[in-house]
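User: Please take a close look at the nonpolar core of this protein and at the sheet that goes with it. I would like one connected account rather than a list.

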Amino acid sequence: MENQANKLQELVSSASINNENTHTKFIAITSGKGGVGKSTVSANMANILANNGYKVALFDADIGLANLDVILNVRIEKNILHVLKGECSLSDIIVQVKKNLILIPGESGDEILKYSEQFLYERFFEETKVLNDLDFMIIDTGAGIGEHIQLFLEAADEVIVVTVPDPAAITDAYATIKITSKSQSNIHLILNMTNSEREAQLIFDKINKVAMANIGGGLKLNLIGKLPQDKLIAKSIKQRTLFTNDAPNSLASLDMKRIVNNLVYKLERKVLKNDTGKSFGSFFKRIIEQF
Ligand SMILES: Nc1ncnc2c1ncn2[C@@H]1O[C@H](COP(=O)(O)OP(=O)(O)O)[C@@H](O)[C@H]1O
Ligand SMILES: [Mg+2]
């Protein structure tokens, strides 16, 4: 126990050095059920932000079938675990996807915390300084309500829950909202694979009604947008391209741009209120501190 406490103290002091003048916003994309479009949303959201001149990193914590490197059609060898263990440097694992967009190959929260005793924190936090000029870090979390996924959600500035209209996915999305509401009072929802704006709004209203009745506690749910069920999206994923590049003027891309606009608008208003200033190092510190 004492060892752990010492380690945390070390962590806090080294991370605070790396906590100056950063403005990175951490956006966690999560879901209750898998296969609802988290990675699709993460990659295309990052792409639109990068196209608009923001400096963006994608952090892949959803290690499963379609990892972000597959979706983005880039090759990765090592990931954040190797960096935390001191086996390579952060810059060795970062993949430049395009101008303004990098991929940080991640690991699931489970894996990261499994090895946390072995990490060389000081060196890690020193290295994360190269990321201090990022505007956005989009974290593609795994699905479900596992406690290690929750650590990412707790540490994020904004949490976006992705769901599809089917009842099982909605039930799981609700479970995620409920558990996340313990640490976040604002939670955004994206309704993916919907047929219309109206369908999205109706489903949202239902979820919101149940949440307000059963969770309460100042929780604010926000429908940040929807995406259509679209062959274009499925096709782009198959050919390892991004639909927001392949068909930038399609309805799906316009919906995606609207989601990004809503997010940026929300964040800009927040920044005016209080600029907390966080770095990738301090983000990790918040995750590991919970352990
Ligand atoms: N709006 C959509 N329309 C059609 N297919 C979609 C849409 N969103 C996602 N998909 C498809 O669903 C599958 C799962 O998406 P993915 O982003 O990998 O989900 P997750 O990351 O949540 O597991 C992918 O094959 C993708 O092509
Ligand atoms: Mg995924």
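Analyst: In this predicted model, the largest nonpolar core holds 75 residues. Ala-28, Ile-138, Ile-139 and Phe-152 have the most contacts inside this core. Helix α2 gives the core its largest share, seven residues. In soluble globular proteins, nonpolar side chains tend to be buried together.

Ile-138 shows what such a position looks like. Apart from neighbours within four places in sequence, Ile-138 is in contact with Ile-27, Ile-29, Ser-42, Met-45, Ala-46, Val-56, Leu-58 and Phe-59. Strand β5 covers residues 136-143, and α2 covers residues 38-51. α2 lies across β1 (25-31), β2, β3, β4 (101-105), β5, β6 (158-163) and β7, and runs at about 175° to β5. On the same topic of helix packing, α10 (residues 197-214) packs on the sheet and touches β7 and β8, its direction making about 155° with that of β8.

The sheet itself is open and has eight strands in the order β3-β4-β2-β5-β1-β6-β7-β8, with mixed pairing. Its edges are β3 (95-98) and β8; each has a single partner strand, so one side of each is left without a neighbour in the sheet. On average, and with direction ignored, neighbouring strands are turned by 25° against each other.

Strand β2 (residues 56-60) is joined to β5 by five bridges, and the two run parallel. β2 is also joined to β4 by five bridges, again parallel. Phe-59 takes part on both sides: Phe-59 stands opposite Ile-139 in β5, and its bridge partner in β4 is Ile-104. Ile-139 is also one of the residues with the most contacts inside the core.

Beyond β2 comes β4. Four of the five residues of β4 are buried, so this strand is largely enclosed by the rest of the structure. β4 pairs with β3 in the antiparallel sense over three bridges, and Lys-98 stands opposite Leu-101 of β4. The hairpin of β3 and β4 has two residues between the strands, and Asn-100 in this hairpin takes a positive phi near 70°.

At the other edge, Ile-224 sits in strand β8 (residues 220-228). Ile-224 has 21 other C-beta atoms within 10 Å and is therefore buried. Leaving out neighbours within four places in sequence, the contacts of Ile-224 are Ile-160, His-188, Leu-189, Ile-190, Ile-259, Asn-262 and Leu-263. Leu-191 is 33 residues away from Ile-224 in sequence, and their C-alpha atoms are 8.6 Å apart.

Two of the elements already described also bear on the ligand. α2, β7 (186-194) and α11 (231-238) each supply at least two residues of the shell around ligand 1. That shell has 18 residues, of which Gly-37, Lys-38, Ser-39, Thr-40 and Ile-237 come nearest. By class, the shell has seven nonpolar, eight polar and three charged residues.

For the chain as a whole, the secondary structure comes to 14 helices and eight strands. Of its 291 residues, 44% count as buried. Among contacts with a separation of 6 or more, 80% are between residues 24 or more positions apart.

Notes
Residues numbered from 1 in each chain as written. Chains lettered and ligands numbered in written order. Near = placed C-beta within 6 Å. Nonpolar A, V, L, I, M, F, W, Y, C, P; charged D, E, K, R; others polar. Buried ≥ 20, exposed ≤ 12 C-beta atoms within 10 Å, placed from the backbone. Contact = placed C-beta atoms within 7 Å. Core = buried A, V, L, I, M, F, W, Y, C linked by C-beta atoms within 7 Å. Pairing = 2+ DSSP bridges. Axes fitted to C-alpha atoms, helices over the stretch in contact; angles between N-to-C directions.
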